[in-house]
Amino acid sequence: MPEAAQVKHPIGVFDSGVGGLSILKALRAELPHEDFVYVADSGFAPYGERDPGFVLARARAITRYLLSQPELAIQALVIACNTATAAAIHLLRQEHPELPIIGVEPALKPAIAMSQTRRIGVMATRGTLSSQKFRTLLTGLADQAQFIGQACDGLADAIERNDTAQIKALCSQYTQAMGPFGAQPGEVDTLVLGCTHYPFASQELQALVGPKVRLVDNGEPVARQTRRMLPRLSSDSAPGQCLLLTTGDPATLQSAAGRWLRIDGQVQRLQI
C-alpha cells in the first residue's frame, strides 16, 4: 500500500489511463466529501484496441488489488472505462457480490432525448462498439433513432499523451467519416462521446461539428448512480481526498490530474 495514502473508505475508480479522470471529476462534484482512489492502468493501455480477455484480466487484477488493501477498504468501485465495463462488469459483480460496482456505457438514451433529427453519432473505441453489451443496448434503441458508430482508433492514446496535433487530426478524420453535422433533417445533431477520454477533446470536437450539435458524455449519470448505490455517505464536512495510482508513468497522470481536475497530489506507481 502506498505510504502517501490519506483516504478513508474511499470509492475506487479505475480506467486504462487518464480518461477516467472525466468520470472522477463528475464524481467529486456529486460527492464532494467522499474520498477516492483512482487507478490509471496506463502501463497496459489502451484497452479499446485489446481483446476482451486481456481487458477482463486487467479489470480483475485492479479490483483484487483494491480489495486486498485493508488500509483502503473501498466502499464501492466505479469502472470508469466503457471498454472495461463491457468486458468485465458482469463477471466482477458475480465475483464480488458484496461490493457495489458501477460501470459506464455510451449515453445513447440521453442522446435520444436531446436529438431532434434522430441521427446520433457515437464515437467510441473499437472494443466498445464490437462488445455484446453495446450491441444489446443499440438493438433495444434502434427503433428510436439512427445511430452512426465510429471506431476512433488512436484517439484515446493521443489524449493520454496530450498530443494536441494528433488529437485535432484524429477528431477531424473521425467526424468527417460520420457524415454531415447540424440541425437540419438528415444531419447528425447529437454526438455521444463513448469513451471516457473523449470529453477531454470536447473543445476540438465542438469546433468541428458546429455549435448546434450537442455533445453527450456519461460523467454526470454515472456520478448520480454512484451516489444511489453507496452504502453510506460521508459525515465529514471537509472536502474529500484523492489518492492517485498508476501502472505507467506517474508524471503522465500527475500532469493530467493537475491540468483537468486541479489535483496536485503526488502520484504513486503500482506494480500489479
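This is a short walk through the structure, from its overall form to its strands. The model is predicted.

Start with the whole protein. The chain has 272 residues, and a compact globule of that length would have a radius of gyration near 19 Å. The protein has 18 Å, which agrees with a compact globule. Along its principal axes, the C-alpha trace spans about 55 × 40 × 35 Å. The secondary structure comes to 11 helices and 10 strands.

Next, look at how the chain packs. Of the 272 residues, 53% count as buried. Take the contacts between residues at least 6 apart in sequence: 75% of these join residues at least 24 apart. The accessible surface comes to about 11,900 Å². Carbon and sulfur atoms hold 48% of that surface. The protein has 25 positive and 25 negative charges. The mean positions of the two sets are 4 Å apart.

Now turn to the strands. Strands of a sheet pair through backbone hydrogen bonds, either parallel or antiparallel. One open sheet here has six strands, in the order β4-β3-β1-β2-β9-β10. Its pairing is parallel. Strands β4 (101-102) and β10 (267-269) stand at the edges. Each has a single partner strand, so one side of each is left without a neighbour in the sheet.

Follow the β4 edge inward. Strand β3 covers residues 76-79, and two bridges join β3 to β4. These two strands run parallel. Val78 has Ile102 in β4 as its bridge partner.

Strand β5 deserves a closer look. This strand covers residues 119-124 and is mostly covered: six of its six residues are buried. In a regular strand the side chains alternate between the two faces of the sheet. In β5, Arg119, Gly121 and Met123 point one way. Ile120, Val122 and Ala124 point the other way. Residues on both sides are buried, Arg119 among them.

Which strands pair with β5? One is β6, residues 146-151, joined to β5 by six bridges. The other named here is β7, residues 190-193, joined to β5 by four bridges. Strand β6 runs parallel to β5, and so does β7. Single residues show the match. Ala124 has Ala151 in β6 as its bridge partner. Met123 stands opposite Leu193 in β7.

Note on methods
Residues are numbered from 1 along each chain as its sequence is written. This is a predicted model: local features need pLDDT of at least 70, side-chain atom pairs count only at pLDDT 80 or more; totals for chains, interfaces and linings use all residues. Side-chain values use heavy atoms; hydrogens and water are left out. The radius of gyration is taken over C-alpha atoms; the globule rule is 2.2 Å times the number of residues to the power 0.38. Buried means under 20% relative accessible area, exposed over 50%, partly exposed in between (1.4 Å probe, protein chains only). Contact means heavy atoms within 4.5 Å. Accessible areas come from the Shrake-Rupley method with a 1.4 Å probe; for residues, only the protein chains shown count as cover. Lys and Arg count as positive and Asp and Glu as negative; His and the chain ends are not counted. The place of a charge is taken as NZ of Lys, CZ of Arg, CG of Asp or CD of Glu. Two strands pair if DSSP finds at least two bridges between them.
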